[in-house]
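Q: I'm new to this structure and would like a close look at one part of it. Could you walk me through the place where the two chains meet?

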Amino acid sequence: MVDRSLELFECGHRACAGCGPAIAARLMLKAVGTNSIIVSSTGCMEVFSTPYPETAWKVPWIHSLFENASAVASGIEAALKRQGRSEKVVVIAGDGATFDIGMLCISGAFERGHDFTYICYDNEAYMNTGIQRSGATPYDASTTTSPAGKRSFGNKRPKKDMPQILAAHGAPYVATASISYPADLMQKIERALNTPGPCYVQVHTPCATGWGFESEQTMHVGKLAVETGLWVNYEMMDGKVTKVKKVVRKPVEEYLKVQKRFRHLFKPVRQDAEIATIQAQADRNAEKFGLDIKVKK
Amino acid sequence: MLKITEGSFAVADAVRLSRPGVIAAYPITPQTHIVERLAEMVADGELESEYITVESEFSALSACLGASAAGSRTYSATTSQGLALMYEVCFNVAGMRLPILMTIANRAMSAPLSIWNDQQDSISLRDSGWIQFYAEDNQEATDLHFIGYRAIEDHRVLLPAMVCFDGYILTHTYEPVDIPTEEEVNGYLPPFKPYQRLDAADPISFGMYATPEYYMEFRYEIDQAMQRANEVIIQAGKEFGEHFGREYGSLVESYRMDDADTALVAMGSVCGTIKDAIDELRSEGKKVGLVRLRTYRPFPTMELKKALDGVSRVAVLDRNISLGSKGAVGLEVKDALYGSGIVVLDYIVGLGGRDIRKKDIAAITALVVQGKGDMFYGLRTEVL
């Protein structure tokens with residue numbers, strides 16, 4: 001196990017107050033350790049951590065483009081192999097870079113079976129460019145390109161199931177995690193690093209600016225996502241679900257109502273049908289993953 | 001050792017002898033014979049490289065970028081649409097100062113789809129910060145890989161390079177090529193020593209973003225490196241001559257220019273045809289010569305001016321067109337000779353695999369003497 005007392009993500013970077021991805025970066029690097037090479041995609045984390053000539057990264061780090069992190073990682077992994085080196089190759093990329101524009105490169109790298117870990121910090125929209133929807137944006141979330149309006153409740157589609165897509169590529173280890181459960185997050189990243197082959201960890205990283213909540217509420221909002229069953233923390237090995245974080249489920253409303261991106265579901269008029277649709281998604285998650293802890297009456 | 005071989009196989013041999021640690025490539029006509037041959041070499045253990053069979057050219061160059069940043073010598077090959085798909089990565093590689101070498105089997109750009117030769121593909125990447133070599137024949141294409149690696153890995157340069165050779169016309173042509181031995185190449189091309197690399201023992205950040213306070217200076221430094229590349233390539237070419245007996249000590253080649261009043265300027269395989277045409281024109285008493293460009297970037301302005309000193313007129317043959325303007329080589333030559341009084345006319349020729357024959361060269365020579373030019377040459381007006 002790597003020394004988790006090390007702080008490898010330096011403070012003083014330019015993230016917003018309460019930034020979920022910044023918390024994620026710090027936790028991820030604790031799990032990844034110093035014998036590593038990080039590949040970032042273009043996005044919030046890249047921008048807030050590396051304005052030349054400053055950097056927050058105390059491990060080797062490279063950023064090339066928005067959509068090519070896994071191809072860059074493929075090349076690094078091949079070079080290290082050729083040179084007989086031991087560093088772990090880790091991609092850290094946002095949901096836009098992962099679910100949308102980087103899909104081709106990710107699919108190729110996973111199919112080829114490179115030995116690397118891909119961590120997606122999922123804040124559920126293109127935050128760096130000003131909160132536009134991505135393939136990771138949840139149903140009914142209002143973003144700047146899926147605004148709620150007189151004829152719209154926001155984003156019209158549910159989130160793309162990336163973990164399942166990568167499991168279908170034959171990834172030996174796929175997991176979801178949340179910054180609100182730090183020990184679980186770090187353990188999953190460590191497991192991914194220690195599993196040979198391409199592994200994927202998708203981390204829920206609430207965004208105070210994009211989702212619209214007070215900056216001290218980040219961990220709380222992340223926790224509510226898990227407790228309502230809208231975000232499921234689980235692990236898959238060789239395509240089979242092996243571990244699920246069970247919860248005593250709360251109604252989805254408790255998660256929705258604390259975020260401005262869902263405010264239109266409550267004001268000016270409460271949208272019962274829409275809330276019910278989202279509740280049904282959580283119920284399906286609960287059924288699919290066996291989320292519910294049976295409480296004795 | 002001299003052997004009769006296909007251009008693509010000769011290039012594959014040059015790549016093998018250059019000992020890249022990582023190769024990443026995606027198949028595209030007419031580059032395929034190069035990457036197939038390299039795959040065979042890896043499969044047979046003749047080449048100890050990591051060979052990444054990527055899912056696109058975009059990923060091919062991205063993988064090379066990662067491998068180069070990690071400190072390995074890297075190689076890719078592509079053409080046309082594949083190169084266009086790499087566009088974004090090309091600028092990135094040059095900006096990150098990674099000396100990646102890539103063979104371009106020059107081919108026309110779609111639409112309409114064409115698998116045949118012109119030089120539009122690489123010319124369209126002229127502003128990306130890549131050194132561009134253009135080979136006349138397969139011997140030169142082979143040798144330019146060694147010279148290329150040696151020059152771009154020089155810490156005064158640290159830029160990527162394209163070795164361009166004409167699709168089909170060279171890639172699929174068998175001709176005698178002297179393939180050097182491993183010992184000979186090892187004596188000329190040392191192992192890759194990266195200026196800096198991704199390394200846990202010495203963590204650095206690659207590819208940061210630059211605010212307006214810094215961006216221009218980064219671009220200036222790339223341009224300075226390109227200027228320095230002029231000298232470094234010439235030096236590498238001269239030393240190549242000392243090792244292998246084939247001299248490449250200049251970025252331009254002059255053919256029968258001594259008393260020429262009319263000069264042709266071109267790049268690539270068409271220069272072989274031009275030389276034959278010039279021999280015939282000379283036997284008719286016409287004072288015609290050729291100045292062939294071996295690099296387009298850096299553009300050898302000073303050498304070109306020197307080579308064209310004393311001529312009255314220049315006909316530039318461009319296998320590309322900057323649509324809405326002129327051919328890319330023509331524009332450069334006009335710029336280089338500005339104020340000299342020399343007439344420079346441009347001819348767009350041989351697009352999409354249209355043959356350029358000796359009689360076409362003679363006709364263009366006659367046109368430039370008449371002062372007619374800056375035009376498409378050889379259009380089939382009956383299909384317009």
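Q: In which sense, parallel or antiparallel, do β2(A) and strand β9 of chain B pair, and over how many bridges?

A: Before we dive in, keep in mind that this is a predicted model. Now to the strands: β2(A) and β9(B), which covers residues 205-206, run in the parallel sense where they pair, and two bridges link them. One of the partnerships is easy to look up, since A:Ile62 has B:Phe206 in β9(B) as its bridge partner.

Let's step back to the whole contact. Chain A brings 37 residues to it, and chain B brings 36 residues. On the side of chain A that touches chain B, β1 (36-40), β2, α3 (69-83) and α5 (103-112) each put in at least two residues. The largest share of that side belongs to α3(A), with 12 residues. Sort the chain A side by class and you get 19 nonpolar, 13 polar and five charged residues.

You can also follow chain A along its backbone towards β2. The loop between α2 (44-49) and β2 (61-63) of chain A holds A:Pro53. Have a look at the link just before this proline: the peptide bond from A:Tyr52 to A:Pro53 is cis, with omega near 5 degrees.

Chain B has a cis bond to show you as well. There, the peptide bond from B:Arg297 to B:Pro298 is cis, and its omega is near -5 degrees. To find B:Pro298, go to the loop between β13 (295-297) and α11 (301-308) of chain B.

While you're in chain B, check out two residues for their backbone angles. B:Ser80 isn't a glycine, yet its phi is positive, near 40 degrees. This serine sits in helix α4 of chain B, which spans residues 80-85. B:Ser80 counts as buried because it has 30 C-beta neighbours inside 10 Å.

The other one is B:Leu158, again not a glycine, with a positive phi of about 50 degrees. You'll find B:Leu158 in a loop, the one between α7 (138-152) and β7 (161-166) of chain B. With 21 C-beta neighbours inside 10 Å, B:Leu158 counts as buried, because the cut-off is 20 or more.

So, back to where you started: if you want one spot to zoom in on, pick A:Ile62 and its bridge partner B:Phe206.

Notes: Residues numbered from 1 in each chain as written. Chains lettered and ligands numbered in written order. Predicted model: local features only at pLDDT ≥ 70, side-chain atom pairs only at ≥ 80, totals over all residues. Helix = DSSP H or I, 4+ residues; strand = E, 2+ residues; numbered from the N terminus. Buried ≥ 20, exposed ≤ 12 C-beta atoms within 10 Å, placed from the backbone. Contact = placed C-beta atoms within 7 Å. Nonpolar A, V, L, I, M, F, W, Y, C, P; charged D, E, K, R; others polar. Pairing = 2+ DSSP bridges.
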